[in-house]
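The exercises below are to be worked with the sequence and the coordinates at hand. Each task is followed by a solution in steps.

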Amino acid sequence: MSLSIGNKIVKLITTDSTNNYAKTQIGAENWPEGTIIQAEYQTQGKGQIGNSWESEAGKNLLCSIVLTPHFLPILNQFLISKIVALSVAQVVGSFVGEVSIKWPNDIYVGEKKIAGILIENSLMGHRIEHSIAGIGLNINQERFLSAAPNPVSLFQLTGKNHPIEVLLNQFADQLSFWYEKLSSGQTSMIDTRYTEQLFRRGQPARYQDHEGEFEGILLGVNEIGQLLIQDSQQKIKSYHFKEVVFLPQHDLTKRHII
Ligand code: BTN
């Protein structure tokens with residue numbers, strides 16, 4: 001039987017972080033798998049690597065999905081990132097073009113970030129006990145105030161407000177589809193679609209790692225979700241999160257014009 005994501009939605013006006021709320025309540029509540037915790041406002045919205053997540057009250061989608069993928073070996077946990085990113089990208093892509101997934105799981109429109117994903121897994125031996133998939137999707141916010149480098153919202157891109165609930169339902173349908181593929185072992189379809197949508201895939205671009213700046217071509221990811229970039233000597237380098245920086249694309253264009 002396939003799992004329906006979002007059959008139960010817990011709506012909160014304010015919380016510190018929907019991910020934190022899910023993590024602290026999961027033991028006490030008898031939530032069915034696929035329960036979504038949604039908030040209008042977060043006082044301490046969390047981004048990746050200790051960053052905060054900016055979201056004006058009532059303007060955007062802020063939610064966490066509670067999954068219990070006991071069938072998934074820890075080594076394959078990046079598949080959860082892939083299906084959540086694919087689901088958000090499909091929702092955004094139904095409104096605007098040029099949608100891509102910036103490794104590991106930022107959702108971009110052109111060169112701007114419209115959504116971020118924070119997945120927190122708790123482990124049980126070699127398996128995943130719970131996976132809390134937090135999503136911040138910028139929908140109706142008109143201005144961003146934080147130091148985040150390149151945020152954008154659907155409002156800014158389309159000039160219109162969009163009902164948050166409609167996008168949440170669309171997302172839940174997409175994730176139900178992809179979660180079914182994951183639980184039934186159809187992972188090559190997930191891998192292919194994720195790779196196809198990767199930001200800058202197949203294009204020469206500038207990157208920076210611990211050895212310095214270099215030009216390379218992003219190829220995809222390996223089984224454990226490390227990013228693979230081929231450098232100009234045809235060497236394939238692999239990176240964990242934060243071991244490589246995507247340099248602005250205009251640097252490369254300028255260098256070529258000169
Ligand atoms: C990123 O840095 O790109 C990840 C951002 C994730 C933000 C969402 S908002 C809902 C959920 N609760 C949180 O505290 N963070 C995630």
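**Exercise 1: the sheet**

Task: State the order of the strands in the open sheet and the kind of pairing.

Solution. The order is β1-β2-β3-β7-β6-β5-β4, seven strands in an open sheet with mixed pairing. The model is a predicted one. Next, look at the edges: β1 (9-15) and β4 (99-102) each have a single partner strand, so one side of each lacks a neighbour in the sheet. From one strand to the next, the twist averages 20°.

Now take the edge strand β1 and its pairing with β2 (residues 36-42): the two run parallel and are joined by six bridges. Within this pairing, V10 lies opposite I37 of β2.

Finally, add the helix that covers the sheet. Helix α2 (residues 78-93) packs on it and touches β3 (61-67), β4, β5 (106-109), β6 (112-124) and β7 (127-137). The direction of α2 makes about 155° with that of β6.

**Exercise 2: two helices in contact**

Task: Classify the crossing of α4 and α5, and list the residues that make the contact.

Solution. Start with the geometry: the axes of α4 (residues 164-183) and α5 (residues 187-196) come within 7 Å and cross at roughly 130°. Angles over 145 degrees would count as roughly antiparallel and 65 to 115 as roughly perpendicular. The crossing therefore makes α4 oblique to α5.

Then list the residues. Helix α4 contributes F177, W178, K181 and L182, while α5 contributes T187, M189, I190 and R193. Sorted by class, this contact has five nonpolar, one polar and two charged residues.

**Exercise 3: aromatic pairs**

Task: How many aromatic pairs are there? Describe the pair of F177 and W178, and that of Y207 and F246.

Solution. The count is nine aromatic pairs. F177 and W178 form an edge-to-face pair, at 5.1 Å centre to centre and with 85° between the planes. The next step is burial, for which under 20% relative accessible area counts as buried and over 50% as exposed. F177 has a relative accessible area of 37% and is therefore partly exposed. W178, at 0%, is buried.

Y207 and F246 are also an aromatic pair with edge-to-face geometry, at 5.3 Å centre to centre and 70° between the planes. This pair links distant parts of the chain, with Y207 in β8 (residues 204-209) and F246 in β12 (residues 245-246), 39 residues apart. Both Y207 and F246 are buried. As a last step, place them in their surroundings: Y108, F199, Y207, F214 and F246 form one aromatic cluster.

Key: Residues are numbered from 1 along each chain as its sequence is written. This is a predicted model: local features need pLDDT of at least 70, side-chain atom pairs count only at pLDDT 80 or more; totals for chains, interfaces and linings use all residues. Side-chain values use heavy atoms; hydrogens and water are left out. Axes are lines fitted to C-alpha atoms, for helices over the stretch in contact, and angles run from 0 to 180 degrees between N-to-C directions. Helices (H or I, at least four residues) and strands (E, at least two) are DSSP runs, numbered from the N terminus. Angles under 35 degrees count as roughly parallel, over 145 as roughly antiparallel, 65 to 115 as roughly perpendicular and the rest as oblique. Contact means heavy atoms within 4.5 Å. Ala, Val, Leu, Ile, Met, Phe, Trp, Tyr, Cys and Pro count as nonpolar, Asp, Glu, Lys and Arg as charged, and the others, Gly among them, as polar. Two strands pair if DSSP finds at least two bridges between them. Rings of Phe, Tyr and Trp (its six-membered ring) pair if their centres lie within 6.5 Å; planes under 30 degrees apart count as stacked, over 60 as edge-to-face and the rest as tilted. Buried means under 20% relative accessible area, exposed over 50%, partly exposed in between (1.4 Å probe, protein chains only).
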